[in-house]
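User: I would like a close look at a single part of this model, with its surroundings described in enough detail that I can follow them in the viewer. Please take one strand of the sheet and work outwards from there.

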Amino acid sequence: MSAPDYWRSQPVIPVVVINDSANAVQLARTLVDAGLLKIEITLRTEAALKSIELIANEVPEAIVGAGTVVNEKTAQSALNAGAKYLVSPGATPSVLASLDATKLPYLPGAATVSEALLLVEHGISTAKFFPAVESGGIAWLKAVSSVIPQLSFCPTGGISPSNYQDFLALPNVACVGGSWVAPSKLIAEQNWTEISKLSNAVFNNENNGK
Ligand code: 3PG
């Protein structure tokens with residue numbers, strides 16, 4: 001599932017690598033207070049599933065999702081932990097089947113035209129474009145837009161304060177994801193003031209850009 005409005009409703013999704021689940025709830029509250037409800041917790045650390053569970057249970061305003069879903073095990077674990085949506089860096093047939101089985105909204109990954117076409121054949125309307133900058137960035141998205149205009153993307157990988165608005169200006173970009181909004185180092189330092197500043201800046205720029 002990948003209804004375009006679901007992904008267009010929040011232009012910037014914080015992509016989080018969290019190393020200690022004790023920081024999860026305060027992190028989510030900080031992001032939610034800044035208006036960033038969708039939060040992607042990547043399944044790259046031991047603390048990720050517990051963090052999703054804590055946020056799902058204790059911060060009901062947050063829309064917590066799981067990133068780095070790469071197989072059936074990670075898809076099911078994320079579902080069981082309370083994830084509201086899933087994000088995968090790629091999209092093999094078995095990954096797609098695992099994502100479908102959860103019945104959650106999801107973003108499958110693509111970085112080539114053939115991968116993008118396979119997703120269209122699967123009925124997908126919004127895909128993750130990863131790694132975005134390394135795979136061709138804005139030029140790639142513009143070129144693909146002219147041949148597969150019906151597919152929108154959420155670019156992630158290399159998205160930063162200096163380029164995210166250029167990505168969001170493209171008609172085939174539904175949203176972007178990035179770790180700059182809540183960097184692991186600031187989370188580990190429990191520097192909620194700085195994360196609040198970074199996330200408020202995103203939200204204000206989003207509104208100013210409309
Ligand atoms: C992702 O998981 O989507 C990306 O690794 C985030 O990339 P970034 O750290 O360059 O924002």
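Analyst: What follows starts from strand S2 and moves outwards to its neighbours, to the core and to the aromatic pairs.

The model is a predicted one, and what is said here should be read with that in mind. Strand S2 covers residues 38–42 and belongs to an open sheet of six strands, whose order is S5-S4-S3-S2-S1-S9 and whose pairing is parallel. At the edges of this sheet stand strand S5 (106–107) and strand S9 (176–178), each of which pairs on one side only. In general, the strands of a sheet pair through backbone hydrogen bonds, in either a parallel or an antiparallel sense.

On one side, S2 is joined by five bridges to strand S3 (residues 63–67), and the two run parallel; within this pairing, lysine 38 stands opposite isoleucine 63 in S3. On the other side, strand S1 (residues 12–16) pairs with S2, also in the parallel sense, over two bridges, and here valine 15 is the residue opposite glutamate 40 of S2.

S2 is mostly covered, since five of its five residues are buried. In a regular strand the side chains alternate between the two faces of the sheet. In S2, Lys38, Glu40 and Thr42 point one way whereas Ile39 and Ile41 point the other way, and all of them are buried.

Three residues of the strand deserve a separate description. Threonine 42 lies in S2 and has a relative accessibility of 0%, so it counts as buried. Leaving aside residues up to four places away in sequence, threonine 42 touches Val15, Val16, Val17, Ala48, Gly67 and Thr68. Lysine 38, for its part, lies over the face of tyrosine 6, at 4.8 Å from the ring centre. Tyrosine 6 is itself part of a cluster in which ring pairs link Tyr6, Trp7 and Tyr85. From tryptophan 7 one can pass on to proline 105, which is 98 residues away in sequence but 9.3 Å away in space, C-alpha to C-alpha. Proline 105 is found in the loop between helix H5 (93–102) and S5, and with a relative accessible area of 12% this proline is buried.

Isoleucine 41 leads in another direction. With residues up to four places away in sequence again left out, isoleucine 41 touches Val16, Ile18, Ala48, Ser51, Ile52, Ile55, Val64, Gly65, Ala66 and Gly67. In the largest nonpolar core, which holds 60 residues, Ile41 is one of the four that touch the most other members, together with Leu27, Leu86 and Phe153. Helix H2 (residues 24–33) gives the most to this core, with six residues. There is also a second, separate core of eight residues, including Ile13, Val87, Cys154 and Cys175.

Phe153, named above as a member of the largest core, also opens the way to the aromatic pairs, of which a search of the whole structure finds seven. In one of them, the rings of phenylalanine 129 and tryptophan 140 have centres 4.1 Å apart and planes at 10°, so this pair is stacked. Because phenylalanine 129 lies in strand S7 and tryptophan 140 in helix H7, the pair ties together parts that are 11 residues apart in sequence. Both phenylalanine 129 and tryptophan 140 are buried. Phenylalanine 129 also pairs with phenylalanine 153, with ring centres 6.1 Å apart and planes at 65°, so that this second pair is edge-to-face. Since phenylalanine 153 lies in strand S8 and phenylalanine 129 in strand S7, the edge-to-face pair ties together parts that are 24 residues apart in sequence. Phenylalanine 153, like phenylalanine 129, is buried.

Helix H7 (residues 137–147), in which tryptophan 140 lies, has Gly137, Trp140, Leu141 and Val144 as its buried residues. Seen down the axis of H7, these buried residues fall within an arc of 95°, so they line one face of the helix. The face turned away from that buried side carries the exposed residues Ala139, Lys142 and Ser146. Among the elements that cover the buried residues of H7 are helix H6 (113–121), strand S7 (126–129), strand S8 (152–155) and helix H8 (164–168).

How values were computed. Residues numbered from 1 in each chain as written. Predicted model: local features only at pLDDT ≥ 70, side-chain atom pairs only at ≥ 80, totals over all residues. Heavy atoms only, no water. Buried < 20%, exposed > 50% of the residue type's maximum accessible area, 1.4 Å probe, protein only. Helix = DSSP H or I, 4+ residues; strand = E, 2+ residues; numbered from the N terminus. Arc of directions from axis to C-beta. Contact = heavy atoms within 4.5 Å. Core = buried A, V, L, I, M, F, W, Y, C linked by side-chain atoms within 4.5 Å. Pairing = 2+ DSSP bridges. Phe/Tyr/Trp six-rings, centres within 6.5 Å; stacked < 30°, edge-to-face > 60°. Lys NZ or Arg CZ within 6 Å of the ring centre and 35° of its normal.
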